[in-house]
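Let's take a friendly walk through a protein complex. Have the sequence and the 3D view ready, and follow along one region at a time.

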Amino acid sequence: MHEISIAESIVQIAEAKAREQNARSIQVIKLRLGTFTTIVPDALQFAFEICREGTLSQEARLDIEIVPMVVHCVVCEASTQPEKGVCLICAECGFPLKIVSGEELQIEYIEVDSEREEQIWSQCPSEFQSRPMF
Amino acid sequence: MESVPERISVQTNVLNANQQTAAANRQLFSDRGLLVLNLMSAPGAGKTTLLEATIDALRGRFRLAVIEGDLQTDLDAQRIQALGVRAHQITTGTVCHLDARMVARALDAFPIGDLDLLVIENVGNLICPASFDLGESLRVVVCSVAEGAEKPKKYPVMFNKANVVLINKIDLAAASDVDLMELERNVREVNPNATIFCLSCKTGVGLAAWTDWLHSAVELRSTAAMASA
């Protein structure tokens with residue numbers, strides 16, 4: 001259940017970023033997760049719900065974008081998406097394949113509620129608004 | 001005050017903190033010309049027995065120590081200490097893998113300045129340890145024949161990230177009805193670049209090829225460190 005460690009890191013990274021921006025709370029955490037990792041999305045969601053307690057992410061939704069595995073042969077230039085099982089030897093020419101994607105575990109962005117000062121113009125002295133326009 | 005929803009770009013790898021600590025560990029090892037193995041396998045594949053056999057073969061040829069990772073006990077560390085080799089136990093409690101921080105903390109209490117080889121025996125598990133870099137020089141995955149020929153296909157990430165795969169307990173191949181060639185082919189499918197050794201710690205078959213290889217790796221590492229010093 002290493003998803004707990006992963007979820008803890010997600011909450012910590014999001015928390016640091018949100019505090020840096022003086023955010024009040026985090027609404028969304030967007031994660032890109034490759035299929036060639038050892039992380040199970042459902043287990044990660046479950047772990048996230050435990051780890052977010054008492055943090056700015058308490059009410060946050062974890063949006064997981066699944067990134068499929070893509071492999072590429074540098075010899076015959078074929079790019080494929082392994083469907084069932086992983087074979088890193090090119091079916092066309094027998095050379096080793098390079099993993100192009102599928103190993104992602106990256107926080108893309110967070111969506112936060114910020115406290116922002118009211119617009120400057122609304123704080124201007126009223127005399128500016130009441131001054132005759134001619 | 002009004003509430004304004006706002007999107008903030010993060011673009012950070014979730015394992016960033018671990019990778020930074022691993023990089024610091026790696027630097028520490030590199031400064032000392034130390035070769036470090038991260039030894040991983042499923043529970044019961046024979047990591048500790050293999051380690052005992054490796055120590056036996058290399059004893060007196062260079063200085064080595066072991067960090068043991070285990071959920072509950074220090075039984076494995078005791079086995080290594082019984083051979084007269086320094087061993088440090090990390091008990092993870094319920095955590096299913098070692099991470100770079102646990103190793104860094106262990107190094108605080110475990111001097112490595114006088115070593116040529118450090119072996120870190122990870123928690124027996126073919127899933128979780130794959131994601132956590134410890135700062136090792138080489139990832140060594142042990143797979144016992146009795147686990148079946150399809151193990152690499154079932155745990156492709158772990159086997160893919162291995163530098164060395166040790167196929168252990170080959171004396172049990174016939175009894176387990178496992179074709180060694182097929183098992184080796186399955187390792188190659190998920191990791192065409194792995195160095196593979198087939199051996200048995202019980203009969204000793206194939207063990208010398210592995211320990212000679214390891215011996216040269218340790219020597220090359222310390223020569224490289226001396227050259228850059």
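## Nonpolar cores

In this predicted model, the largest nonpolar core contains 67 residues. Which residues have the most contacts inside it? They are Leu118(B), Val119(B), Ile120(B), Val141(B) and Val165(B). Strand β2 of chain B, residues 35-41, supplies the largest share of this core, with five residues. A second core, separate from this one, has 25 residues, and Ile10(A), Ile39(A), Leu56(A) and Ala60(A) are among them. There is a general pattern to keep in mind here: in soluble globular proteins, nonpolar side chains tend to be buried together.

Try picking out Val165(B) in the viewer. Leaving aside residues up to four places away in sequence, Val165(B) touches Val141(B), Cys143(B), Phe159(B), Val187(B), Ala194(B) and Ile196(B). Val141(B) is thus a partner of Val165(B), and both are listed among the residues with the most contacts inside the largest core.

## How chain A is built

Chain A has three helices and six strands. Going along its sequence, you meet them in the pattern α-β-α-β-β-β-β-β-α. Of the 134 residues in chain A, 30% are buried.

How much of the contact in chain A links residues that lie 24 or more positions apart? Among contacts with a separation of 6 or more, such pairs account for 77%.

## A three-stranded sheet

Three strands of chain A form an open sheet in the order β4-β3-β5, with antiparallel pairing. Its edge strands are β4 (79-80) and β5 (97-101), each of which pairs on one side only.

Now look at β3 of chain A, residues 70-73: this strand and β4(A) pair in the antiparallel sense over two bridges. To find one of the partners, start at His72(A), whose bridge partner in β4(A) is Ser79(A).

## Where the chains meet

How many residues does each chain bring to the contact? Chain A gives 32 residues, and chain B gives 32 residues. On the side of chain A that touches chain B, the elements giving two or more residues are α1 (3-20) and β6 (105-116). The most comes from β6(A), with 12 residues. Sorted by type, the residues on this side of chain A are 15 nonpolar, 10 polar and seven charged.

## Confidence in the prediction

Finally, here are the predictor's own scores. The complex receives an ipTM of 0.86 and a pTM of 0.89. For chain B, the average pLDDT is 94, and 98% of the residues score at least 70.

Conventions: Residues are numbered from 1 along each chain as its sequence is written. Chains are lettered from A and ligands numbered from 1 in the order in which they are written. This is a predicted model: local features need pLDDT of at least 70, side-chain atom pairs count only at pLDDT 80 or more; totals for chains, interfaces and linings use all residues. pLDDT is the predictor's confidence in each residue, from 0 to 100. Helices (H or I, at least four residues) and strands (E, at least two) are DSSP runs, numbered from the N terminus. A residue is buried if 20 or more other C-beta atoms lie within 10 Å of its own, exposed if 12 or fewer, and partly exposed in between; C-beta atoms are placed from the backbone. Two residues are in contact if their C-beta atoms, placed from the backbone, lie within 7 Å. A nonpolar core is a set of buried Ala, Val, Leu, Ile, Met, Phe, Trp, Tyr and Cys residues joined through C-beta atoms within 7 Å. Ala, Val, Leu, Ile, Met, Phe, Trp, Tyr, Cys and Pro count as nonpolar, Asp, Glu, Lys and Arg as charged, and the others, Gly among them, as polar. Two strands pair if DSSP finds at least two bridges between them.
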